[in-house]
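Colleague: Please take a close look at one helix pair in this protein and describe how the two pack. Some context on the whole chain would also help.

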Amino acid sequence: MITGELKNKIDSLWDIFASGGLVNPLDVIEQITYLMFIHDLDETDNIRAKEDELLGLPHESIFEGEITVSGRTVDGEQLKWSVFHHFPAARMYSVVQELVFPFIKNLHSDKNSAYSKYMDDAIFKIPTPLVLDKVVNALDVIFETMKASGENDVRGDVYEYLLNKIASSGLNGQFRTPRHIIRMMVDMVQPKPDDVICDPACGTSGFLVSVCEYLRENHREEIFFDKANKSHFMNVMFNGYDMDRTMLRIGAMNMMTHGIDMPKIEYRDSLSDQNTDRDKYSLILANPPFKGSLDYDIVSADLLKLCKTKKTELLFLTLFIKMLKVGGRCACIVPDGVLFGSSTAHKAIRKEIIENHRLEAVISMPSGVFKPYAGVSTAVLIFTKTGHGGTDKVWFYDMQADGFSLDDKRSPVAENDIPDIVARFHNLDGEADRERTDKSFFVPAKEIVENEYDLSINKYKKTEYVAVEYASTTEIMADLHELEMEITAGLAELEGML
């Protein structure tokens, strides 16, 4: 999680924009994102040069030689953050506004990439050289702080904190899924180099970035020493949709700074007829919007046929089934109401997953996981699309701690069930004899069906009551009399002193 020190530095950065007259939160976030991306292009280019050298592959720097920008031919070196951030304020402003910003806007302009689509309407809005100089210096300090933290995805935490400054973020669901929850889900499904992955509500691409990191950590040689696998990884594997162009822009830049040149990040209403993807993906990872009620006429007809509802959380579950190919897996976050809701639509989608596909796991998470944005209780569902059933028994886990306090501060704590969840999920044979008083246990599908497909863990978990012995009434009364005598003696002593 983002530290107090880093929060203070970001708040100071925010104040610099405000003092320069830029007060719209979305504008500020976009400008910060552009500058972070410019910084990351330089850093990522250096990292990839070292990786290619290690792997014996040729490397062509995007800053190499002379580059034509806005009709001018310039030395590519001066477009690097590590170079221009040393320039005097006036020269830096000129270079960034006239050269660097047009340069990043036109990256991949010759390709039909997500990045080029969503940079078309990007505007450089920093008003003066002095403001830019202050912002760049503040960002340098923030980058040093992030590097010193030693965390893998502190950048994502920065985005999360920035998004918290948008007044409407809580209403629109535009807040980032905590990094450690995303990584838990990725570790559980263990993506493979040949997967085709989608997040139909991708936001800043947190799930896709985490999969990218997982594959680099666990399948580096298999991907980067095989031409076909590398092409698949760079151009086909990662897909995401969202309806917020700012989020798409941030998501595309986030993916590019993680080494994915051509992520398919698209503007699309995933629940409408715009989304024609069916039986296509081998893996879906998502945290779709919970709040929301849609009109029937804007929802794809085949989704309503399976689950007639206006609730977005149920429609997205239906969508995941439709978008997966047979054998495809899904790990998604749902609000607790999906697990036990008694409406016809709630029961229909649970029945569909249990009867016609294979529901593997339900991980119940504590309500504080999404604080300070929301206090809703949630769960992770993991299932495989089979088309012919296969749910024999379902594994439940009652997560009680995720490594952070469950209040608004979300401070690090020692208690953390996530390593245990991942380890047990990959050794389900060892779970067979677990009692329902334990944190994890199996429930036969037959029992779930008999309970109207209820998937709430409290329906099946047994509470172990421990007898507590109290002192007898006579002993309690004797203790009270003794205390009364001590109080009387104390009062008498006090009166004597007066």
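Modeller: What follows covers the helix pair and then the protein as a whole.

This is a predicted model, in which local features need pLDDT of at least 70, side-chain atom pairs count only at pLDDT 80 or more, and totals for chains, interfaces and linings use all residues. Residues are numbered from 1 along each chain as its sequence is written, and side-chain values use heavy atoms, with hydrogens and water left out.

Helix 9 spans residues 179-189 and helix 10 residues 206-218; their axes lie 9 Å apart at an angle of about 55°. Axes here are lines fitted to C-alpha atoms over the stretch in contact, and angles run from 0 to 180 degrees between N-to-C directions. The two helices are therefore oblique to each other, since under 35 degrees counts as roughly parallel, over 145 as roughly antiparallel, 65 to 115 as roughly perpendicular and the rest as oblique. Their crossing is right-handed, meaning that the near helix is turned clockwise from the far one by less than a right angle.

On the helix 9 side, the contact (heavy atoms within 4.5 Å) involves Arg179, Ile182, Arg183, Met185, Val186 and Asp187. Helix 10 contributes Gly206, Phe207, Ser210, Val211, Glu213, Tyr214, Glu217 and Asn218. By class, six of these residues are nonpolar, three polar and five charged; Tyr counts as nonpolar and Gly as polar in this scheme.

The protein as a whole has 20 helices and 13 strands, which are DSSP runs (H or I, at least four residues, for helices; E, at least two, for strands) numbered from the N terminus. Of its 498 residues, 53% are buried, that is, under 20% relative accessible area with a 1.4 Å probe, protein chains only.

Methods. Buried < 20%, exposed > 50% of the residue type's maximum accessible area, 1.4 Å probe, protein only.
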